[in-house]
Amino acid sequence: MRRPRACVALAGVLVLAAGCGLTSGSPMTDDVGPGSVGQGEPLKGAHLTVASKEFTEQLILGAIMGIAFQAAGADVLDRTGIQGSIGAREALKKGDADAMYEYTGTAWITYLGNSKPIPEPQEQWRAVRDADLKNGVTWLPPSALDNTYALAMNQAHFRTYRTRTLSEVAALSKSDPGAVTLCVESEFANRADGLPGMERAYGMSVPARNITQMDTGIIYTQVAKGSCTYGEVFTTDGRIKSMNLVVMQDNKKFFPNYNAAPVINTEALKKYPAIAQVIEPVTKKLNNTVARDLNARVDVDGEDPHQVALDWMKSEGLVR
């Protein structure tokens, strides 16, 4: 998956090597009280450290979690923005952080070393939950937010070719080979769970001359302009909405599920079991539409991720 480049945590220290992103953190000081979450302040007296990786969606999710804990009475230390999946993971395992949102596919493949994803989202989450207990990490129930790979096209190309699924893209690649041109990042072009695997799964064969490799951000612009018929995107990216792109359905469920779920250091959860009840209603409200809207406010409109998270929590009545 396209998660930012990993960096390895140094054992037993709070400040990781330069570039890994974890510092001593700063207190979250939002003036919030219980809404539909946090009634009775079940975390009053708790001191919790919330982490995240450094990309937009993770910064928003980390802020959402921290705001929920504050509304429930906890003092929250903000260690969001850790560079790379491994740095955040190690912080959580070692107890340098207590909680974060993580993706089931990242854990199943990157952390736990499996090569084949489990197609059914709940089954994959259960497999991750069970396997990760030995690592001192507890997975709470996942959200519907699934940040995985997809192909997308602009509205003009959609009107021309009318494809809605990857099977229909595969059929088009056979009936009109010149019609299927792809803009993809180099990692996707070479990963088993990227383009090569997708082509095998769907019986698709796109000639090399029809594939252009480029940086992730440029892909969205090129697809919107129509420079390529289809581009590799991520299903919760805010630019899908802002650029009015049409996302192809992965109808054979080839791509791994990357459902976001609260992941808690097991010792912290034992100490503060109310964490589970506080974060559950928040997680239930997260889905791809919500993620695209919130991500777009940051990546397209230039707003602050923490403020975006706070606005959403208040608008949903989760906090006041």
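# Questions on a predicted model

Author: N244 is found in the loop between α10 (238-242) and β10 (246-247). Bear in mind that the model is predicted.

Reader: Why is N244 called partly exposed?

Author: N244 has a relative accessible area of 45%. Buried would need a value under 20%, and exposed a value over 50%. The value of 45% falls in between, so N244 is partly exposed.

Reader: What is noted about the phi of N244?

Author: Phi of N244 is near 55 degrees. That is a positive value in a residue other than glycine. K253 also has a phi near 55 degrees, again positive and again in a residue other than glycine.

Reader: Where is K253, and what makes it exposed?

Author: K253 is placed in the loop between β10 and β11 (260-265). Its relative accessibility is 56%. Exposed means over 50%, so K253 counts as exposed.

Reader: How do you know that D146 is buried?

Author: D146 has a relative accessibility of 15%. The limit for buried is under 20%, so D146 qualifies. D146 lies in the loop between β5 (137-139) and β6 (149-153).

Reader: What does D146 contact, leaving aside its neighbours within four places in sequence?

Author: D146 is in contact with T235, T236, P256, N257, Y258, N259 and N288. For Y258 there is a distance to add: its backbone nitrogen lies 2.6 Å from a polar atom of the D146 side chain.

Reader: What makes D193 buried?

Author: D193 has 12% relative accessibility. Set that against the limit of under 20%, and D193 counts as buried. D193 lies in the loop between α7 and α8 (195-202).

Reader: How do you know that the side chains of D193 and R191 make a polar contact?

Author: The contact of D193 and R191 is 2.6 Å. The cut-off is within 3.5 Å. The pair of D193 and R191 meets that cut-off.

Reader: Which residues of α8 are buried, and what covers them?

Author: L195, G197, M198, E199 and Y202 are the buried residues of α8. Their cover includes β6, α6 (166-175), β7 (182-184), α7 and β8 (211-213). Just after α8, G203 takes a positive phi of about 65 degrees.

Reader: How many aromatic pairs does a search of the whole structure find?

Author: The search finds 6 aromatic pairs.

Reader: Why is the pair of F55 and Y103 called stacked?

Author: The ring centres of F55 and Y103 are 6.3 Å apart, and the planes stand at 20 degrees. Rings pair if their centres lie within 6.5 Å, and planes under 30 degrees apart count as stacked. F55 and Y103 pass on both counts, so the pair is stacked. The pair links distant parts of the chain, 48 residues apart: F55 is in the loop between β2 (47-53) and α1 (56-71), and Y103 is in strand β4 (residues 99-103). F55 and Y103 are buried.

Reader: What makes the pair of F188 and F255 tilted?

Author: F188 and F255 lie 6.1 Å centre to centre, with 40 degrees between the planes. Stacked needs under 30 degrees and edge-to-face needs over 60. The angle of 40 degrees meets neither limit, and the pair is tilted. F188 is in helix α7 (residues 186-190) and F255 in the loop between β10 and β11, so the pair ties together parts 67 residues apart in sequence. Both F188 and F255 are buried.

Reader: Which residues form the aromatic cluster with F188 and F255?

Author: Y149, F234 and F254 join F188 and F255 in one cluster.

Reader: Why are α1 and α13 called roughly perpendicular?

Author: The axes of α1 and helix α13 (residues 288-299) cross at roughly 110 degrees and come within 9 Å. Roughly perpendicular runs from 65 to 115 degrees. The angle falls in that range; therefore α1 and α13 are roughly perpendicular to each other. T56, E57, I60 and I64 in α1 meet A291, L294, N295, V298 and D299 in α13.

Reader: How do you know that α2 and α3 are roughly perpendicular?

Author: The axes of helix α2 (residues 85-94) and helix α3 (residues 104-111) cross at roughly 95 degrees, coming within 12 Å. That angle falls in the range of 65 to 115, so α2 and α3 are roughly perpendicular. Here S85, I86 and R89 in α2 meet T106, T110 and Y111 in α3.

Terms used: Residues numbered from 1 in each chain as written. Predicted model: local features only at pLDDT ≥ 70, side-chain atom pairs only at ≥ 80, totals over all residues. Heavy atoms only, no water. Helix = DSSP H or I, 4+ residues; strand = E, 2+ residues; numbered from the N terminus. Buried < 20%, exposed > 50% of the residue type's maximum accessible area, 1.4 Å probe, protein only. Polar contact = N/O pair within 3.5 Å; in protein donor to acceptor, adjacent residues only side chain to side chain. Contact = heavy atoms within 4.5 Å. Axes fitted to C-alpha atoms, helices over the stretch in contact; angles between N-to-C directions. Parallel < 35°, antiparallel > 145°, perpendicular 65-115°, else oblique.
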